[in-house]
Structures are given as C-alpha cells and as structure tokens.
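User: I am new to reading models of this kind, and I would like to learn how to go from the overall form of a chain to its details. Could you take me through it step by step?

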Amino acid sequence: MTESKEVTLEELVGEIESGMTIGIGGWGSRRKPMALVRALLNSDVKNLTVVSYGGPDVGLLVNAGKVAKVICGFVTLDSIALDPLWRAARQQGSVELVEIDEGMFFLGLQAAAWRVPFLPSRAGLGSSVVENTPAFKTITNPYSDGPFAQAGDEDAELVAVPALPLDVAIVHVNVADQIGNGMILAPDPFFDDLFLGAATRRLVTTEQIVAPGTLAEYGPIERATIHRLLTDKIAVTPNGAHFTANEPDYKRDEAFQKLYATSAKDEESWNVFAERFLSGDEAAYQQAVRQWRDEQ
Amino acid sequence: MSEAVLADICVVACADTWHSCGEIMVSPFGSIPALGARIAKATFSPDIVLTDGEAALSYGVQPLTARPSELIRESYVPYKAIFAVVWSGRRHIMMMASQVDKFGNQNISAIGPHDKPKAQLVGVRGAPGNSVNHPTSYWVPDHNTRSFVDHVDVVCGVGNDRAASAGVGATRFHDLRRVISNLGVFDFSGPDGSMAVVSLHPGVSADDVTANTSFEIAGLNGDVAVTRQPTADEQAMIDDLDPKGARLKEVPST
C-alpha cells in the first residue's frame, strides 16, 4: 500500500523555511495556492526569494515583509492590471526585482526540471532584462559550422537562460488523490508541472482529495498532469485559491478582488482589510469571506 | 457618408496592419487593436487565428462583449502552446507602449530608475521575446512627448538599434511593423530603421505630431497621406462588435 501524502495545511506551511527560494504556481490572478500563501503570511518565515507568474500571491507576501527578492515578469490581477501592493513596494524600492521575460521564466523552470544548467533563448536579447541583471550570460551558437549548422544563426549570441531551481514549490489543483496525483480541470495547467519539477520540496493544495485510482471519475485522465513523481505532500484547502479564479470550481471573485485592490491603496483601509480577513487561520478567512458576501 | 470618429479610424488602421497576413496568430492589446484584428479577420485576412483570452483559439469573429460561454473554441492553446507559437514566428502582436522611442524600443515595465521606479507599470511581460521572434507592432492611444520619448526607461520590446547591437540572434526574426497612435500611423522605414510617418489621421497636421513627439519622425516634411476611412461595411461591423463603445473610452473624440 502506497503511503498517503495527505497532511494538514499547517504541516504543509511547516515545510517552508526562511531564506528559501519558493516557486508559486498559477498565473496572475488564476489558480494561485492562496490558502498556503495566507498561511505563510501568518508564519515566522521571512527572507524568501519568490519565483512566480505573479498575482496577489506576490503582492501579499511582499507587503507582509516576507520577501527579499522576486523573480518575475509581471504581478497582475488580470482584471486589474497591476497589484497595488506590488506597485507600492516597487515604488518604495523595498524589494529586489529580477525582472525576466515570461518565456525566459518558462525556460529557467524547464532547465531546472531537466537538470541542465541553462537553455538557450532569443528572448531577452537587446532588452533591459539582460542589462538589469548582469549575471545573465549569453552563449555563442556552437553549431555555427559543421553538419548540424543551420543557415541564418552562424555565430549568433543567444541568452543562456539559467536554470531556476527551487527549494520549494507550491501549486493548487482541482482534485488530487491521497498518494499525490493531481488533476487540473481549470482551462490552463500553466507551468505548475515545471514548478514542481524544479523544486526540492513539492507541495500541493487541492479543492478535494479522493481515493487513489479514482481520479478518472472526476475528469479526463489527460488532465491529471500532476503525477505523483512530482509531489511530496498534499493538503485539502476548499476554496483555497480564493479570490483568484479556479474554474470549474469557481470563477475569480471579482467583487472581493476589487475590495482587496481598493483597500491596498492606503494604509488605513488596508489595516481594516487585513484585520478582518488576514488575522486568523484559513477557516477564519473563509468564514470572514462568507460573512462579507452575505452583507453584499 | 459622414466621416468616422477618430476611434474608428484607429480601428481600421490597426486592421490594415494585418492585411493579407495569412494564417498567423494575431494578439491585439487594447480595445481598438482588438476590434481591428476582428475587422481584419472578418474581411481581408480570414485565416487569422485569435485566442479566447484564456486557453483556446476562438472560432469566427465575436464581439468584444462576448462572454466566454458564448465563444466557440476551435482548439486548445494553453500558455505552453502560446510560447511554441511565439517561438515559431507565426504570430503578429500589437502591444501597447507606455513609452516608445525613435527606433521602436518599447517600455511597459517602469518609469524612472528600475530599482525604485517613480511609476511601476505592468512589467516586462513577454515583450522581449515577442519582439525578437515575430512581427511586432505598437498601439499608443495617447500620443504625446511622454509616450513618444528620446529614450525609454526600460527596454521591454526591442527596437531596431538595440536588436542590431545584439547581433544576428536578435535580428534574424526581429520585424517591427507599425506604431499606431491617436495621431497617425508610423513604420520604421526612416534612416537606420528609425520611425517614419505612413499616414496622419484626418484633421491631424505634421505640426501636431512634431509638437507631441520628443524625437524627429521621418517624412513629416513632405506630402503626408491621410489615414483611410472605414468602409460602410467595416463601420457597421465596428458598431456590432463594440456595442458598448469601449473604443470611444480608449480614444475619445474631440
């Protein structure tokens, strides 16, 4: 009998330590592991390097003083162009940013997942991305002559996108089984498999957990892309991507996201928001959201 | 026929950017480019593919106001597949530009110093990779000396001068096409791949452009073409595709 990987949310957050490089799955304000992000806000963890196709996960962690460095190409709420907590942190100069092209980001995760030191890319050439982070190197096409040479790229300099290995990755799925297979029914699996593949500690939260061997009852098995060779521990967090989108379970909570974004614009209203929604545990958060919704 | 409003002139100017482009993905940013792409697909460039904004290609031509449930999805293109399209070159994007310079360098990342910007913008996104892999155009709804600048603060989309400096790896598939603003249509046929005027929108003078641009645009001294009007069919389509007038918020009529 294969051992269960199911743990509590508290045990999951205990896997994340100060100083770690953490990759966060999802994209913008879509299918973010927000329950785990909220648990991190209330932990002692600090000094993180966050690697994310950024959404409110980045805004919240940066605002809470948990983050030393962010590697990303954007921090967006999708229906709101820019996360206001991120905007404020950037304009105060309070967080280090390694700004990276979205495609370079993909290649960096892929390189780490494949255990190669870099992958070549045109993306980045000529842009400020490579100037603002002088540690990025270029490589000269080694196939400029010989039988594998292709016309047009002789002696081309390409960006050698470095592998982006992660100490820990966190992703959120729609359904998972106890032994650590996950199914993403939301429209886009994004790069969650690569975040997990790039990481040493691989953590998953899920809307619901089911018996091993039954995932095909919940959706096409082709959607079970988070196979158990990619995962270590898993916790059930119903509505755990709220307020980001996690279809088909739920759409983005646009009204709540608007409240978040509006509250984030000044300290006083942010303190009211944080006290009401972010001062307790995940159950308290979900209860506070239900109560807020009833008032609307 | 009465003259179209400025927003509708801009819509067909965007559409013309994709004239006879064949079977490629068109990725428009902004309401006016989004309408232009739909007009092009509905008329002279029927093989264009458009996404549904999530993870699918959207079949046919749908209004801007269409809900996801109303779209017919013709195939599945999650972000991983989008990058494959980007790197194949079968795409022409029209991004917005908070700043654009004489050689087509574009900034959507930040205004001011990168470590502590005066204004944080959306971020570099996929602009570096887009601009060196497939045809790229820009849409600037507010043409002024703060958007058409001497030097952009952060180079996101790569201009002709910077691509040339980076070498053949950058230039091989680099292909800047058009910049469309609320004043006119521009390309990069000027000296050394610099910006040149293609046409000015009706009622706009060369002096208007000069006064609102921080650098010299080639071709403004001679006879300058006037951007065309929408045809009657195009005008009807624009009204159908944008019943709530999102385009008029992007470019108000003066």
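User: How does the radius of gyration of chain A fit with that of a compact globule?

Analyst: The general idea is to set the chain against what its length would give: for 296 residues a compact globule would have a radius of gyration near 19 Å, and because chain A of this predicted model has 20 Å, the two agree. Along its principal axes, the C-alpha trace of chain A spans about 70 × 55 × 30 Å, and 50% of its 296 residues count as buried.

User: Which helices and strands should I follow, and how does strand S2 of chain A pair with strand S3 of chain A?

Analyst: Chain A holds 10 helices and 11 strands, among them S2(A), residues 48-52, and S3(A), residues 67-72, which pair in the parallel sense over four bridges. Val50(A) stands opposite Val70(A) of S3(A), and the path from S2(A) to S3(A) goes through helix H3 (residues 56-63) of chain A in a right-handed β-α-β crossover.

User: What happens after S3(A)?

Analyst: S3(A) also pairs in the parallel sense with strand S4 (residues 96-99) of chain A, over four bridges, and the β-α-β crossover between them, through helix H4 (residues 84-91) of chain A, is right-handed. Here Ile71(A) stands opposite Val98(A) in S4(A).

User: How many residues of chain B are in contact with chain A?

Analyst: There are 34 residues of chain B in contact with 34 residues of chain A. Helices H3 (79-88), H4 (127-133), H5 (160-166) and H6 (168-171) of chain B each supply at least two residues of the side that touches chain A, and by class that side of chain B has 18 nonpolar, 10 polar and six charged residues.

Note on methods:
Residues numbered from 1 in each chain as written. Chains lettered and ligands numbered in written order. Predicted model: local features only at pLDDT ≥ 70, side-chain atom pairs only at ≥ 80, totals over all residues. Contact = placed C-beta atoms within 7 Å. Nonpolar A, V, L, I, M, F, W, Y, C, P; charged D, E, K, R; others polar. Rg over C-alpha atoms; globule rule 2.2 N^0.38 Å. Buried ≥ 20, exposed ≤ 12 C-beta atoms within 10 Å, placed from the backbone. Pairing = 2+ DSSP bridges. Right-handed = clockwise from strand over helix to strand, strands pointing away.
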